[in-house]
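Biologist: I am new to this structure and would be grateful for a close look at one part of it, the nonpolar core, followed outward to whatever surrounds it. Please take me through it step by step.

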Amino acid sequence: MRAADYRTPLIGVDSVEHQSKLMRLWETEPGLKGFLTTVDHKQIGIRYIVTAFILLAVGGIEALVMRLQLAGPNLSLLTPEQYDELFSTHGMTMIFLYASPVLSGFSNYLWPLLLGSRDMAFPRVNALSYWIYLASAIFLYAGFLTGHGPNDGWFNYVPYANHDYNPGLNEDFYSLGMVLLGISVTAGAANFIVTAMRTRAPGMSINKVPILIWGTLTANAANLVVVPAVSLAFFLLWMDRQFGTHFYDSHAGGQPLLWQHLFWIFGHPWVYAIVLPAMGMVSDGLPVFCRRPLVGYSVVALSTVATMILGFGVWVHHMFATGLPGLGLSFFSGASIVIVIPSAVAVFAWLATIWLGRPVITTAFLYFSSMILLFVIGGVSGFMTASVPVDWQLTDTYFVVAHIHYVLIGINLFPVLGGAYFWFPKMTGRFLDERLGRWNFWTTFIGFNLAFLPMHLTGLLGMPRRVYTYADGMGWDTLNLITTVGSFVLAIGILLFFINVFRSLRSGVPAGANPWDAPTLEWAVSSPPPPYNFAVIPTVASRHPLWEGRLGEDGIVSSVDRGMLLDEGKETIGTTALDADPDMILEMPEDSFAPLLLAIGASLVFVGLLLKSWTLAGVACAIALIALVLWLWPRRDLREREPAHG
Amino acid sequence: MAEVVLSQPADIPVGPVGRHGLGYWGVGALVATEASLFAYLLFSYFYTGATAPAGWLLEPHPVLKLALPNTILLLLSSGAAWFGENGVLTRRRARALLGFGAAFVMGTAFAIVQTYEWHAKPFQIGASSYSSLYFVTTGFHMAHVVVGIIVLAALFVWTALDYFSPRRRLSVSAGVLYWHFVDVVWLFVFATYYISPYLGFGR
Amino acid sequence: MHLAPLTYLSAAGTRAGITLPLTWFTLAIAILVCVIIAIILWMGVKRAQSRGGAAETRSAALLRGASGLNWIGVGLLISAVPLLITLVWTMVALARVGTPPQHPAFTIDVTGRQWWWDVRYDATDPEKTFATANEIHIPVGQPVLVRLHGGDVIHSFWVPKLSGKTDTIPGQVNVTWLEASRPGRFVGQCTEYCGWQHAHMAFEVVAEPPADFERWRAAQLQPAPEPTTPDQKRGMAWVEYRCGSCHRVAGTTAGATAAPDLTHLMSRHKIAAGTLVNTPGTLAGWIQLPQQVKPGALMPNQYLTGQQLSDTLAYLETLK
């Protein structure tokens, strides 16, 4: 009986009959239709990860070409124009199209599994944010491939980005593409927030969620409020370029620094948004290999949030050289120094976890633990730039380039690769090869440090960033050559990872449901998990439901095998925000073309704007609006309205 | 022996009840991000104005003749939307239709008056940073008004189709929340562009 | 450090001098922290192996272990010490390097342009005003106020041996100052990305004893000498006709200010914003094919005939 408005969920255990019932409800159709319509968070998550890794490879190749140009003084492999588009596209790719989406991918895949739920809060929105991410990546790369890539660095300062100095379509592609990407990020952020607050398994109160949830939740809460700043900045730039407005034009009362404020109000929290979830991966993964719970769960969770709150107040440290008054400088300098403290909490928690545990050395462990050191290196170089007088010397030299790469590769890529080794068995049912894994890790680690550790010195010797070439006699030749060699070693390391993935997909050692003997709920289901994730909804009593009773503690135990069946429809449980008491049965939407259509409509709007084809933009806008109204049309099967009368 | 905890809720709602459902949280998130967008727009206004040379305002005393009544009209439409929601809550369909219909009409009237206001301005969008900010900020708001009008129209149609009851009405509460947001944001835009010059900002 | 002209690990001026110890201090702290953490990490992992650690997680027993909160507490306490010192030191140093001198010897106006530096001395006093480009002379031991203007896009003014970076931003005037503690030639460089030739936007600050500086200033105040030989005369006509639409040579009809002032071109050590050492050969090459040296620069290739070029050079070489 599906008509009831209230129900008492049946309690039971898993059975073959129950499984087939759930399977019918949750399984995505095979073939193209299923591919285009699926709203399964696991499929969407993997798409995010695969797309992001492809873009990582592309951005990496761009970097290698640049490193060839910089291998020695006065080389002319690239013209300045080519170099400028390459370094800008490299930054755009790594920061916007790889670093954040790859984390969204892991979180998308893992969240419902970690939370003991059957899908994200808004599965169709989830599909929509992936499609729009894909569309914006295609849009931005369409510009690059037609010779209109961004050419003003990833932070794209005006007036150089404005029409007077930059008349090509380069910056229009970049501006519109970034606004489009912003839609994807915002939709994803809303989804993550509601998922974390409302769909946790019963009993999983907010102080029992894995740290990855804290990291991604914090990142996305920030995204929700800071992404509009950058979308607005890019939109105003596009208006200035194409419609003669004067937001950034000092000749008509505009403010070039408005761009920098809007960009960095977004940009600094964004840097935390692309590392906090990765730090969460380490906080959850490292303890598994140390055979004990994470040291200081509560302080680590709190420090995650504290980092972001402080992170809102440090954007001006990117603008120390813009001639701001001294008082403002002191405030932002102080805040930037203080923000070291919450980061230090995580470092000491991880170190203590290693020391007070019994580490088992695996490739994943190597990635997670080496990340601690890289995090510290990236952290202390950041701490140096927080001191205003020092920053006036350091900023815009290769020291800062080294810093940002320690942050992004050290705190994003290393945890992600560790996470890949850790969760690959869950996603595919097979281990990544450990032997190849060691080769992969050590090549990556050595290559990375060879490339970027000497780069600090290159910066201290005064090499400015974003130069397409440099003269000899500046003292930078040897260091640059070392960096170039290192970058190729790093690239080989990444290549070994890809080889490992392809090999292991076919011939990896089969992994069971919980190959690492890990504590959290994603390891309670088979590898790979069934479309419905959990046959019965678990009830959670602690932070490590699968380790209960083995840590010498007494008390209540989670119920993983027995719980609500919820097989009368495509259903999962909704719980209260803090205590996770069950308070409603959620009716989940089935697979649908609507997200894809809406994404196509929205993307065509941006194509129309780029081409200044108002007809195309108007028609696409109408299509998107109609798709949206139909999407939101209240449906009885989702219990959004009363049964039709008559 | 440890005790196994098992959640066995009894008689819980299936799907959203009242405003209690994920969709309402979703619209809440949407409102948060849109509110941020307007905060940045207004920041841009105040930042640019504060750093610009004297005489930045093209209209030192913005004409309130249309803008003030229009603001009141928009606030009244919020009241009408609330009235409509109340109609759904109390199972009075006529009241609901009246409320949503009136809100729709007032919202549309606001948009028309605002369009006229744009044409009546003595400057165009490209005149200066001030005019650019004015037109783009009010333009962003106008886009939200248009979306809000479509939402109100949808609520009207859905109410006419008798979709809602006090229990199943998440779309109503979410849509009306959005419309309230559009109206409240206008108060900030109005205070910034029409009132703050009288307090001396930007002259 | 002769080997790395742009390094800021040595200083030759007041501002850079105040900053340098703080740079070294934070750098030392940074390296120390990295080394300590690396050791703790390495020992933590080694410890596991020496105790016969398991090869895989499934065969390793779980342990509850100590809460470990004291690690975090002690770690934070220790970290707080250098943080606090840095914070206080930063504020003190900022107060000293952030406040412009009350009584500068004189003021110069520097405008960042794609891709060169326009320099004007003492704009307030017409008697003492002159323009130059890409080379700034200052007297040793005297603070010189520098007002920074944005000519087109944003650039950043940086002389690492003397002073940290300050941006040149259109629509606002930023202030920095230079005070050299010893004579020397100090390289400066644009450090805010500004387009194709951002890489070739250097300049030099020449700090010299006050007497030498005054001699230089007196010479710069002079207009260009009259040409004497026929080829110089032909060259001057050519410069006025061809170069004068962008450049200025004081005392001639070449009076545009869109490009570097050439009145005392030959007194300058380098041309093309620090790109080439100024010799007749490099100058000839630059005049003919600037697009090969600095692709995208606003100066077009000239393609002069041999005669025109040698006349032009003959005249330019008189601009000492």
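Modeller: The largest nonpolar core has 361 residues, and those with the most contacts inside it are Ile193(A), Leu262(A) and Leu351(A). The largest share of this core comes from α7(A), which supplies 22 residues. The model is a predicted one, and every value given here is computed from it. As a general point, nonpolar side chains tend to be buried together in soluble globular proteins.

Leu351(A) is a useful place to begin. Leaving aside residues up to four places away in sequence, Leu351(A) touches Ile372(A) in its own chain, and Ile40(C), Leu41(C), Gly44(C) and Trp71(C) in chain C. This leads to the contact between the two chains, where 82 residues of chain A meet 79 residues of chain C. On the side of chain A that touches chain C, at least two residues come from each of α4 (80-115), α8 (256-273), α9 (276-290), α11 (326-338), α12 (340-355), α13 (363-386) and α14 (388-394). Of the elements of chain A, α12(A) gives the most to this side, with 12 residues. Sorted by class, this side of chain A has 50 nonpolar, 22 polar and 10 charged residues.

Chain A also meets chain B: 64 residues of chain A are in contact with 51 residues of chain B. The elements of chain A that each supply at least two residues to the side touching chain B are β1 (6-7), α6 (170-198), α7 (211-243), α8, β4 (559-564), β6 and α19 (614-632). Here α7(A) gives the most, with 8 residues. The classes on this side of chain A are 35 nonpolar, 18 polar and 11 charged residues. Strand pairing also links these two chains, since β1(A) and strand β1 (residues 12-13) of chain B pair in the antiparallel sense over 2 bridges. In that pairing, Arg7(A) has Ile12(B) as its bridge partner.

Strand β6(A), named above on the side facing chain B, spans residues 582-587 and is mostly covered, with 5 of its 6 residues buried. Its antiparallel partner is strand β5 (residues 571-575) of chain A, joined to β6(A) by 5 bridges. One of the paired positions is Gly574(A), whose bridge partner in β6(A) is Met584(A). Together β5(A) and β6(A) form a hairpin with 6 residues between them, and Ala580(A) in the turn has a positive phi of about 60°.

Chain C, the partner met through Leu351(A), has 7 helices and 12 strands. Its radius of gyration is 27 Å, whereas a compact globule of 320 residues would have one near 20 Å. The C-alpha atoms of chain C fill a box of roughly 95 × 45 × 35 Å along the principal axes. Of the 320 residues in chain C, 43% are buried.

Within chain C lies an open sheet of 5 strands in the order β3-β2-β1-β5-β8, with mixed pairing. The edges are β3 (130-133) and β8 (174-178) of chain C; each has a single partner strand, so one side of each is left without a neighbour in the sheet. From one strand to the next, the twist averages 25°. At one end of the order, strand β2 (residues 116-121) of chain C pairs with β3(C) in the antiparallel sense over 4 bridges. There, Arg120(C) has Ala131(C) as its bridge partner in β3(C).

Technical notes. Residues are numbered from 1 along each chain as its sequence is written. Chains are lettered from A and ligands numbered from 1 in the order in which they are written. This is a predicted model: local features need pLDDT of at least 70, side-chain atom pairs count only at pLDDT 80 or more; totals for chains, interfaces and linings use all residues. Ala, Val, Leu, Ile, Met, Phe, Trp, Tyr, Cys and Pro count as nonpolar, Asp, Glu, Lys and Arg as charged, and the others, Gly among them, as polar. A residue is buried if 20 or more other C-beta atoms lie within 10 Å of its own, exposed if 12 or fewer, and partly exposed in between; C-beta atoms are placed from the backbone. Two strands pair if DSSP finds at least two bridges between them. The radius of gyration is taken over C-alpha atoms; the globule rule is 2.2 Å times the number of residues to the power 0.38. A nonpolar core is a set of buried Ala, Val, Leu, Ile, Met, Phe, Trp, Tyr and Cys residues joined through C-beta atoms within 7 Å. Axes are lines fitted to C-alpha atoms, for helices over the stretch in contact, and angles run from 0 to 180 degrees between N-to-C directions.
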